[in-house]
Amino acid sequence: MPTSPAEAPWGTCTFCGDAVPPDGNSCPTCGKVSTAPLGLEPARSRPVRRRLLLLQSLRVFVVVAVIASIGWAIISAELSGPTTFPDPLTGVRTLTVTPGGWAFFAGNITGEDYITGNFSVVTPPGGNVTVWVYNASEFAAFFSHQTARPAAPPYTNVSAARIVFAAPYTDEFYFVFGNPFPPGSDLTERVFVSTTYETNVVLG
């Protein structure tokens, strides 16, 4: 009685080692027509057996390497935690403000987060500055010499003060330091500023 397709044995490609279906005339992977019945090792020559063993070993190595690399990527991501970026509103800086001019630093603040810190005029001794905090659109108006509305009451003509600014909404905010001395007075000011970004999120 002839063998039915379901009972027909599968073959093994003697070139790449992949399985060949019973009714297949060639290997579906590499296209070679050289096949041997599955499990009949004596039907394969010694070089063929060596090549197939090498291919199987390489495949196992590749699979293990891929699994290991994925596992390492997941574990290292868990150990390192979320990616962090330096915040431009946390740090210390010294601003140089020319007579009649201004200098600034800026950064994004999430609504209800806040900035704390302090500033003081280093030179000249006893020099005063005026400090405004603008959001992005108001700073653009200020930069264009138009009327600009600060996001908080300004510090007017002070030599040193504590900074506490709570952002009412999410935006980019600019801390602008103005030198009140008239242009041409040669009284350039250097202002030391230290600030810290404080989040309002409570981690439970």
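Select T130 and N157 to start: the side chain of T130 reaches the backbone nitrogen of N157 at 3.2 Å. This is a predicted model. T130 lies in strand β7, which covers residues 129-135. With a relative accessible area of 10%, T130 counts as buried, because that value is under the 20% limit.

Keep T130 selected and add its surroundings. Leaving aside neighbours within four places in sequence, T130 is in contact with Y155, T156 and N157. V176, F177 and G178 are also in contact with T130. N157 therefore appears twice at this stop, as a contact of T130 and as the residue whose backbone nitrogen the T130 side chain reaches.

**Aromatic rings**

Now show the rings of Phe, Tyr and Trp. The count of aromatic pairs comes to 18. One of them is formed by F104 and F139, with 5.1 Å from centre to centre and 50° between the planes, a tilted arrangement. The pair links distant parts of the chain, 35 residues apart. F104 sits in strand β5 (residues 102-109), and F139 in helix α2 (residues 136-143).

Is each of these two residues buried or exposed to some degree? F104 is partly exposed, at 37% relative accessible area. F139 is buried, at 8%.

Next, select Y169 and F173. Their ring centres are 5.7 Å apart and their planes meet at 35°, so this pair is tilted. The angle falls between the limits of 30 degrees for stacked and 60 for edge-to-face. Y169 counts as partly exposed at 37% relative accessibility, whereas F173 is buried at 0%.

To see a wider set of rings, select W102, F104, W132, Y134, F139, F142, F143 and Y174, which ring pairs link into a cluster. F104 and F139 from the earlier stop are among the members.

**A patch on the surface**

Switch to a surface view and select F61, V62, V66, I70 and I74. What do these residues form? They make up a nonpolar patch on the surface. Together they have about 490 Å² of accessible area.

For a single member, pick V62. V62 is placed in helix α1, which runs over residues 46-80. Its relative accessibility is 49%, so V62 counts as partly exposed; a residue is called exposed over 50%.

To finish, show V62 and T130 together: V62 in helix α1 is partly exposed, while T130 in strand β7 is buried.

How values were computed
Residues are numbered from 1 along each chain as its sequence is written. This is a predicted model: local features need pLDDT of at least 70, side-chain atom pairs count only at pLDDT 80 or more; totals for chains, interfaces and linings use all residues. Side-chain values use heavy atoms; hydrogens and water are left out. Patches are made of residues with over 30% relative accessible area and no salt bridge: like charges are joined within 9 Å, nonpolar side chains (Val, Leu, Ile, Met, Phe, Trp, Tyr) within 5 Å. Accessible areas come from the Shrake-Rupley method with a 1.4 Å probe; for residues, only the protein chains shown count as cover. A salt bridge is a side-chain nitrogen of Lys or Arg within 4 Å of a carboxyl oxygen of Asp or Glu. Helices (H or I, at least four residues) and strands (E, at least two) are DSSP runs, numbered from the N terminus. Buried means under 20% relative accessible area, exposed over 50%, partly exposed in between (1.4 Å probe, protein chains only). A polar contact is a pair of N or O atoms within 3.5 Å; within protein, one must be able to donate a hydrogen and the other to accept it, and residues adjacent in sequence count only if both atoms are side-chain atoms. Contact means heavy atoms within 4.5 Å. Rings of Phe, Tyr and Trp (its six-membered ring) pair if their centres lie within 6.5 Å; planes under 30 degrees apart count as stacked, over 60 as edge-to-face and the rest as tilted.
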